[in-house]
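Subject: Structure handover

Dear colleague,

Here is the structure I said I would pass on to you, with the sequence alongside. My notes on what I found follow below.

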Amino acid sequence: MREPHRTWGENLVRAAPIVLLGVITALAAWPQPAPAAVAHVVQPGETLWSIAVANNLTTRTVAVFNGLSEDAMVIAGETVQVPTVEEGAAALASAGAGSSSVAASGVDHLVQPGESLSSIAVANGLTVQQVASFNGLSEDALLIAGETIGVPAASATGSGTALAVDTSSGLAYLWSPAGSVPLDPAAASSFEAMRQASLSQFGVDLYPGGLLSGYRTYEQQASLYDLFLSGQGAPANPPGTSSHEYGAAVDLAEPVMRDIVDQIGGSYGWAGTIPSEWWHVAYVGG
Ligand SMILES: [Zn+2]
């Protein structure tokens, strides 16, 4: 469904009125040029969500970049700007700075002698940019002991780790280097909380090892099981018997991640459930 990359000129020829409107809208919303964003002409059946997933972005990223709400309907023939990851993150950061919903989920922190934006960010599993933009500061701003700054809740920072929920399938999405991995929303939000704790306590991110390492359909589980039986794949349960089919399991990317889940997972309802598989952790409730 993804449009081939075309130049502005080709797009103008093909869909001049719609694209022109999109260009004007984009220029009005983003005074600074966004040369790497790709103009995508919405195809029948596409949604903001499907366009975001096809480009490994969250729905929120694409929505904010286009000045839309996450549940905005897009119409076939309309042009949506698909940002790069960097452009999307910048748009989220600037949107977050003025957003009351983000501010409401932060906590106040009284700056102690010797603390910096960087040390506060690290202590809270955040980036300097997230803390700076939350407070409307530049990343190199100096903090003064006794000053109060806001520390955003990790899930509200609009970073790559923010949860995107697909309202039609009811699944939430975890960020991973391979792309967005679907999971049951309750399992996803507790995993995300555990992940933030891991970042702040151990400096280690927790994420699924691949796109099929979270929720799987029956058919996806069946194909992994077939691979296992043929000796080409990792151990996998027969279809119909895997917690992945409920979106309640994650196959972790690295053994160090499992060490951390063993230490802190209990507080978040996550645990290893298959002794022979270090990578497999399941949401057992919480
Ligand atoms: Zn598994």
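In what follows, two residues are said to be in contact if their C-beta atoms, placed from the backbone, lie within 7 Å. Please bear in mind throughout that this is a predicted model.

With that meaning of contact, and leaving aside its neighbours within four places in sequence, valine 281 is in contact with Ala249, Val250, Leu252, Arg258, Val261, Gly265, Trp270, Ala271 and Gly272. Valine 281 lies in strand E10, which covers residues 280–283, and both faces of E10 are covered, with His280 and Ala282 buried on one side and Val281 and Tyr283 buried on the other. As general background, the side chains in a regular strand alternate between the two faces of the sheet.

E10 belongs to an open sheet of three strands, whose order is E8-E10-E9 and whose pairing is antiparallel. The edge strands, each pairing on one side only, are E8 (249–251) and E9 (270–272), and neighbouring strands of the sheet are turned against each other by 30° on average, direction ignored. Three bridges join E8 to E10, and alanine 249 has alanine 282 as its bridge partner there. Three bridges likewise join E9 to E10; on this side alanine 271 stands opposite alanine 282, while glycine 272 has valine 281 as its bridge partner.

Two helices pack on this sheet. Helix H9 (residues 185–202) touches E8, E9 and E10, and its direction makes about 85° with that of E9, whereas helix H11 (residues 255–264) touches E9 and E10, with its direction at about 120° to that of E9.

There is also a hairpin, formed by E6 and E7 with six residues between them, and glycine 179 in its turn has a positive phi of about 135°. Three bridges join E6 (residues 171–174) to E7 (residues 181–183), the two strands running antiparallel, and the bridge partner of leucine 174 in E7 is valine 181. Both faces of E6 are covered, since Leu171 and Tyr173 on one side and Ala172 and Leu174 on the other are all buried.

The hairpin and the sheet come together in the largest nonpolar core, which has 26 residues, and of these Leu174, Leu183, Phe191, Trp270 and Val281 touch the most other members. E6, E7, H9, E8, H11 and E10 are the elements that give two or more residues to this core. Apart from it lies another core, of 16 residues, including Leu48, Trp49, Ile51 and Ala91.

With best wishes

Definitions and conventions
Residues numbered from 1 in each chain as written. Predicted model: local features only at pLDDT ≥ 70, side-chain atom pairs only at ≥ 80, totals over all residues. Pairing = 2+ DSSP bridges. Helix = DSSP H or I, 4+ residues; strand = E, 2+ residues; numbered from the N terminus. Axes fitted to C-alpha atoms, helices over the stretch in contact; angles between N-to-C directions. Buried ≥ 20, exposed ≤ 12 C-beta atoms within 10 Å, placed from the backbone. Core = buried A, V, L, I, M, F, W, Y, C linked by C-beta atoms within 7 Å.
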